[in-house]
Amino acid sequence: MAVSESDDAEIRRRAEDFLRGEVPAGWPELAPDELIPVAKRFQAALHDAGLAGITWPAEYGGQGGTAAQERAFREQAAGYELPTGPFVIGMGMCGPTLLDLGTEVQKNRYVRPLLRGEEIWCQLFSEPGAGSDVASLQTRAVRDGGEWVISGQKVWTSGAQHADFGAVLARTDPDVPKHAGLTMFVIDMHAAGVAVRPLRDMTGGAPFNEVYFDEVRLPADAVLGEVGQGWAAAVTMLGHERVSLGGSVRRRDEPLGSANLAGIARAKGISADPSVRAGLAALHAKERALALFNTRLSQEAAAGAPPGARGSVAKLAGATLLWDALHAAGEIAGTDAVAWDPDDAAAEELSTAINSVPASSIAGGTNQVQRNIIGDRLLGLPKEPQVDKDVPFRELRVGTQRETS
Ligand SMILES: Cc1cc2nc3c(=O)[nH]c(=O)nc-3n(C[C@H](O)[C@H](O)[C@H](O)COP(=O)(O)OP(=O)(O)OC[C@H]3O[C@@H](n4cnc5c(N)ncnc54)[C@H](O)[C@@H]3O)c2cc1C
């Protein structure tokens with residue numbers, strides 16, 4: 001059922017009815033592999049209820065609704081913990097990029113299954129020698145008759161172990177400067193020659209992976225955007241990534257939220273302490289300011305004005321907010337934040353959230369890199385010097401090319 005333009009209250013009511021009945025009980029205790037089928041069923045039901053892809057075009061399976069309706073849904077969803085993690089990259093980054101740059105064939109093929117949770121996507125940009133400077137990547141794609149052949153290595157690929165498709169950035173022309181020789185492709189993660197190896201992080205989980213491509217063959221129509229225009233495609237996707245990371249749904253009772261930390265302060269009898277109160281008030285004010293900023297970005301995006309570099313503000317503010325919350329949590333929870341009774345699930349959840357905070361300043365572009373973008377593109381400060389701007393990639397000393405000089 002498509003949503004109507006006018007009635008946010010209707011979607012709020014529909015969302016509440018759906019969420020009260022359909023969120024699977026006990027899903028946070030499932031192992032990652034067990035979660036996938038549960039998450040897929042939930043996402044399909046969400047789509048059937050007209051609540052997935054609210055602002056996405058109806059002809060590709062979205063609801064053709066407004067940013068206000070999307071916000072109404074998100075506000076309602078913030079009261080629940082949802083099993084939608086496996087779809088964050090598809091919904092936040094790959095889907096919007098397909099809608100921006102995909103051919104009709106690609107949009108018809110991929111968008112609806114993505115919205116229904118039938119196919120999981122990952123983003124394959126980073127490499128061991130190309131993270132912040134992603135344009136230095138070395139994975140190459142060579143044309144062979146009607147096909148492309150991809151070889152190389154990616155790293156930190158979130159969710160690759162469950163992904164059906166990925167958006168991969170590869171070098172198609174090493175004879176031009178690094179930004180000019182890239183192309184983005186849609187890659188089938190089940191294709192012959194794709195190998196995925198999990199990496200463990202400091203929370204104990206293995207959310208991301210190394211991915212190897214050994215002469216993986218792709219059809220000519222796997223190109224997303226234009227051949228040689230991979231940098232523009234990457235900038236498009238990174239813009240969506242920053243907005244989606246900055247504006248992702250935050251559970252009302254999430255462990256590092258001011259509401260939860262205030263509850264811990266009350267339980268410990270320290271909520272009257274002026275320093276605790278000042279910390280919580282500052283945190284709450286920043287949460288509200290960021291939520292309003294993100295609402296504005298999504299309203300403008302729905303009206304056709306992409307966020308551009310302001311996505312970096314949302315990403316940076318989201319990451320620094322988490323660090324503020326980490327410090328407040330340390331002050332309020334004290335030693336309970338690092339050592340807890342094994343039966344105390346809430347304390348364990350708090351500790352895991354604390355251990356996840358450093359990753360927020362790295363994933364999706366580091367804080368330093370966001371500051372560079374904000375300084376250069378929003379504040380008009382001088383650009384970083386780019387000595388390799390006009391040098392053919394083949395002549396640069398980066399990654400393994402450094403070793404062969
Ligand atoms: C949890 C997590 C999930 C991730 N998921 C994905 C994913 O799904 N797909 C994917 O492609 N990648 C993913 N990444 C990779 C992420 O995008 C990179 O880690 C990030 O861009 C930083 O690159 P790097 O690790 O190579 O660090 P480097 O680029 O080597 O940076 C090292 C340090 O130098 C600083 N630095 C580098 N250049 C500059 C500069 N010009 N000015 C100032 N400081 C600078 C950085 O800020 C950083 O502090 C993920 C990372 C994490 C932590």
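1. A good place to start is Gln368: one of its polar side-chain atoms sits 3.0 Å from an oxygen atom of the ligand. That falls under polar contacts, meaning a pair of N or O atoms within 3.5 Å (within protein, one must be able to donate a hydrogen and the other to accept it, and residues adjacent in sequence count only if both atoms are side-chain atoms). Of the 980 Å² of accessible area that the ligand has on its own, the protein covers 67%; such areas come from the Shrake-Rupley method with a 1.4 Å probe, and for residues only the protein chains shown count as cover.

2. Before going on, please note that this is a predicted model, in which local features need pLDDT of at least 70 and side-chain atom pairs count only at pLDDT 80 or more, while totals for chains, interfaces and linings use all residues. Residues are numbered from 1 along each chain as its sequence is written, and side-chain values use heavy atoms, with hydrogens and water left out.

3. Two serines also touch the ligand. In Ser132, a side-chain N or O atom is 2.6 Å from a ligand oxygen atom, and in Ser158 a polar side-chain atom lies 2.8 Å from a ligand nitrogen atom.

4. Which residues are closest to the ligand? They are Gln123, Ser126, Ser132, Trp156 and Thr366, out of 18 that surround the ligand (a residue is near if one of its heavy atoms lies within 4 Å). The shell divides into 7 nonpolar, 10 polar and 1 charged, where Ala, Val, Leu, Ile, Met, Phe, Trp, Tyr, Cys and Pro count as nonpolar, Asp, Glu, Lys and Arg as charged, and the others, Gly among them, as polar.

5. Trp156 deserves a second look. Its phi is positive, about 60°, although it is not a glycine, and it is found in the loop between strand S3 (147–154) and strand S4 (165–171). Glu215, in strand S7 (residues 208–219), also has a positive phi, near 50°, and is not a glycine. Strands (E, at least two residues) and helices (H or I, at least four) are DSSP runs, numbered from the N terminus.

6. Now for the helices. The axes of H8 (residues 274–302) and H9 (residues 310–333) come within 10 Å and cross at roughly 160°; axes are lines fitted to C-alpha atoms, for helices over the stretch in contact, and angles run from 0 to 180 degrees between N-to-C directions. That makes H8 roughly antiparallel to H9 (over 145 degrees).

Conventions:
Angles under 35 degrees count as roughly parallel, over 145 as roughly antiparallel, 65 to 115 as roughly perpendicular and the rest as oblique.
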